There are 2 protein chains.
Amino acid sequence: MTAGDPADTKTPGAAPVRRLRRAERREQILASATRAFARAGFTATSLDDIAAEAAVTRVILYRHFESKADLYRAVLDRARTRLAETAGAGDFTDAPIPALLCAAAADPDAFRLLFRYAAREPEFRDLTRPLTGPLTAASAEITRRNLAPFVPEGPWADWAARLIPAVTVEAVIAWLDAGRPDRETAAERIGHAVHGVITAAQPR
Amino acid sequence: MTAGDPADTKTPGAAPVRRLRRAERREQILASATRAFARAGFTATSLDDIAAEAAVTRVILYRHFESKADLYRAVLDRARTRLAETAGAGDFTDAPIPALLCAAAADPDAFRLLFRYAAREPEFRDLTRPLTGPLTAASAEITRRNLAPFVPEGPWADWAARLIPAVTVEAVIAWLDAGRPDRETAAERIGHAVHGVITAAQPR
DNA sequence: GTATTTGTATACTGTCGAGTACACAACAGG
DNA sequence: CCTGTTGTGTACTCGACAGTATACAAATAC
């Protein structure tokens, strides 16, 4: 469907009053879809579920998005953007854990969706990888760098490199589930837990 | 569908030679279905996928199982049984981590399926809960007991109680992914990592 | 060899969900 | 008021998949 998006064919002088409505609706749909997808993942969430969540019908979704996959892509994209914005400059290189906590607190649904579901849907990894890739690759890289001085190359370094991002994410989600007590303490303790994993990976 | 199962209407003295064939086929189907489900979860795995994995057609599946849900239940049940058998007496109370490693090594697909997918399919929690319930409830209980002496009741105890099983499972899966280096060392290191989480949950 | 049981395959039905066509409602500008 | 644009809803098509009916092949018991 290369049918021209109506937004592209407008005359330049047209008043963009209506357009705002459209953007608002789109935003509302994206938020609802994020909630819906975060509950059950992509395949298990029907467009009717999303439409119900957004209090509209399924057709409306197609007025704003070309397909379910397109909507999903937009949801993931928005999630990544929002998380990156709240987390700071979008780089998780300096202080990843506070940034993650900040992002998770700002949009828990987006966080759960990106880090729990999106990373694990094999058939849509090509869809999610360009979004989660920067984050997971970065964290894996950081992990490797922080690990290198302590843990020699080998299966145990692999083990730790795989485990640390998972632990971090699980710790953040557990923090959300536990009622988000004191964010700074949480950052400290998650850092401590991760440090424990690094220590565990070292030969004794 | 109360149509009598042909197996029930046999004469008592019939030689049960054929039955073995049937049991073997059933077992093969269960193993294949475990692999298939472990790849993508329940909803994303079609009966054709499973049939292809077992090198039979879809109809055969119905000769052995009443429905997809029934097959899934049987797969989960078998997974739990096999894991419990390899892990020891089926109780994870004494030395949960070596038991988990043993079970994961013996049947990685079953392990991944039970602990990764089955625990997270919301629509089938009623199906999976009677199977994963004993395990997760037990581990949560153990966690709470081991935590009580160190961490005071409150959100942080909740946090740790949620996190520890997740970390354990992730550590085991990371160990599988890393090529299963030396199981005893793995048990030690996972124990160490979990200890790190417990320490992290303590107020300083 | 004939009947019964088990394994196999082809072809069907029915349902659910993705995607579409078309009719209707609200609001701007002429 | 009429027209065009945008938002909305009803009713449809189409395909994938769960589940079923039925015919066929191999092996054993009599």
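How many of the 23 residues in helix 8 of chain B are buried? I started the notebook with this one, keeping in mind that the model is predicted.

**Entry 1: helix 8, chain B**

I counted 18 buried residues out of 23, so I noted helix 8 of chain B as mostly covered. I then looked up the extent of this helix, which runs over residues 155-177. From its first C-alpha to its last I read 32 Å, close to the 33 Å expected at 1.5 Å a residue. I also checked what follows the helix. Just after helix 8 of chain B, I found B:Gly179 with a positive phi of about 95°.

**Entry 2: salt bridges**

I searched the whole structure for salt bridges and got 18 over all chains. I looked up three of the pairs in detail.

**Entry 3: A:Arg35 and A:Glu53**

I found a salt bridge between A:Arg35 and A:Glu53, with 2.7 Å between the closest N and O atoms. A:Arg35 belongs to helix 1 (residues 17-40) of chain A and A:Glu53 to helix 2 (residues 47-54) of chain A, so the pair ties together parts 18 residues apart in sequence. For exposure, I read a relative accessible area of 32% for A:Arg35, which is partly exposed. A:Glu53 is also listed as partly exposed, at 25% relative accessibility.

**Entry 4: A:Glu170 and A:Arg116**

Next I took the salt bridge of A:Glu170 with A:Arg116, where the closest N and O atoms are 2.9 Å apart. I placed A:Glu170 in helix 8 (residues 155-177) of chain A and A:Arg116 in helix 6 (residues 108-117) of chain A; the two are 54 residues apart, and the pair links distant parts of the chain. Are A:Glu170 and A:Arg116 buried or exposed? I noted both as buried.

**Entry 5: B:Arg78 and B:Glu27**

In chain B I looked up B:Arg78 and B:Glu27, whose side chains meet in a salt bridge at 2.8 Å, N to O. Which parts of chain B does this pair tie together? B:Arg78 sits in helix 4 (residues 68-87) and B:Glu27 in helix 1 (residues 17-40), so the bridge ties together parts of chain B that are 51 residues apart in sequence. I read 13% relative accessible area for B:Arg78, which is buried because the cut-off for that class is under 20%. B:Glu27, with a relative accessible area of 35%, is partly exposed.

Last, I checked for salt bridges that share partners, and found that they join A:Arg35, A:Arg39 and A:Glu53 into one network.

Note on methods:
Residues numbered from 1 in each chain as written. Chains lettered and ligands numbered in written order. Predicted model: local features only at pLDDT ≥ 70, side-chain atom pairs only at ≥ 80, totals over all residues. Heavy atoms only, no water. Salt bridge = Lys/Arg side-chain N within 4 Å of Asp/Glu carboxyl O. Helix = DSSP H or I, 4+ residues; strand = E, 2+ residues; numbered from the N terminus. Buried < 20%, exposed > 50% of the residue type's maximum accessible area, 1.4 Å probe, protein only. Expected span 1.5 Å × (residues − 1).
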